[in-house]
Amino acid sequence: MDAIKREVKAFAGALFSSVIILVLDYLPKFIKRKHLEGEYHGEALEKRLETKIFGGWKMFKTMYEINKLEPLLKTGQKLPQNLEIIDPYGQTKEATKKFSHVNFLVVYIAEAHPTDGWIIPLEDQPEISSHQNATERLVASNQLRERMAAQAGLHAKILCDKMDNRLSLLFAAHPERLVVLKGDQVVFIGGKGPFDYSINDLEDFLQKQK
Ligand SMILES: *[C@@H]1O[C@H](CO)[C@@H](O)[C@H](O)[C@H]1NC(C)=O
């Protein structure tokens, strides 16, 4: 019964989001701006206002799949002992060992808008297809690292999820998710991206940890 409920909820949610996106694409710019101001700023906002992101069936399918996923881990639980992620700079190591002394870490899990999926026609959108193997994922993560450095001045270390997408599934992370770990213990799982993804929530949480 719960499974059916989840299906219906995921379907309805995807339908709702699709309609919102479609409507938003064609609304007058000042209304569109009001809606997007909280999510985008400055140049990114201007660019977003120029872009129609409705992606038809592939977009709906993406959102439906995202909606259906729930994190396998809950706050308070520990990361699995044998969890592995790919370190492009070295050998694959146990994630728990990596996390214990890292402050800010990006784990690249998948391309949100691959050329064979829900395409967003932004001028500087990277042309990346869904990864078929770890090499492709590593190459894409390297592009992300370079872009983060060049466009945002961020020099975070990037690791990659393995091709079984295990880390992504543990947190229902696709397309993006903020997580805080204390050692190997999950202490915070942010909302599902992009609509419930909140950097403010993360900041509030981290403030309280001080
Ligand atoms: C990865 O996949 C791409 C595309 O299918 C292919 O061209 C490439 O040879 C593969 N690389 C490895 C190391 O398997």
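## The ligand shell

By class, the shell around the ligand comes out as three polar residues, one charged residue and no nonpolar ones. The residues in question are Gln132, Asn133, Thr135 and Glu136. Keep in mind that this is a predicted model.

Some of that shell belongs to a helix we'll meet again: helix 6 spans residues 134-152.

## Strand 4 and its partners

Strand 4 (residues 157-161) is a handy place to start on the strands, since it pairs with strand 1 (residues 84-86) and also with strand 3 (residues 105-108). The two pairings run in opposite senses: strand 1 and strand 4 are antiparallel, joined by two bridges, whereas strand 3 and strand 4 are parallel, with four bridges between them.

If you want residues to click on, try Ile86, whose bridge partner in strand 4 is Cys160. For the parallel pairing, go to Val106, which has Ile158 as its bridge partner in strand 4.

Helix 6 comes back in here. Together with strand 3 and strand 4, helix 6 makes a β-α-β unit, and the unit is right-handed.

## The hairpin

Further along the chain, strand 5 (residues 179-182) and strand 6 (residues 185-189) run antiparallel and are held by four bridges. Within this pairing, Val180 sits opposite Phe188 of strand 6.

The two strands form a hairpin with two residues between them, and Gly183 there takes a positive phi near 60 degrees.

## Phe205, next to the hairpin pair

Now look at Phe205, in helix 8 (residues 199-209). Leaving out residues up to four places away in sequence, Phe205 touches Val180 and Phe188. Those two are the residues that stand opposite each other in the hairpin, so to speak a ready-made pair of landmarks for finding Phe205.

Is Phe205 buried or exposed? Neither label quite fits: Phe205 counts as partly exposed because 14 other C-beta atoms lie within 10 Å, and being buried would take 20 or more. As for Val186, its C-alpha is 13 Å from that of Phe205, with the two residues 19 apart in sequence.

## The N-terminal stretch

Over at the start of the chain, UniProt lists residues 6-27 as "transmembrane region", in an unreviewed entry. What does the model show over residues 6-27? The chain there is 95% helix and 0% strand, and the C-alpha atoms at the two ends are 31 Å apart.

Technical notes
Residues numbered from 1 in each chain as written. Predicted model: local features only at pLDDT ≥ 70, side-chain atom pairs only at ≥ 80, totals over all residues. Buried ≥ 20, exposed ≤ 12 C-beta atoms within 10 Å, placed from the backbone. Contact = placed C-beta atoms within 7 Å. Near = placed C-beta within 6 Å. Nonpolar A, V, L, I, M, F, W, Y, C, P; charged D, E, K, R; others polar. Pairing = 2+ DSSP bridges. Right-handed = clockwise from strand over helix to strand, strands pointing away. UniProt positions renumbered as here; feature names shortened; annotations may be inferred.
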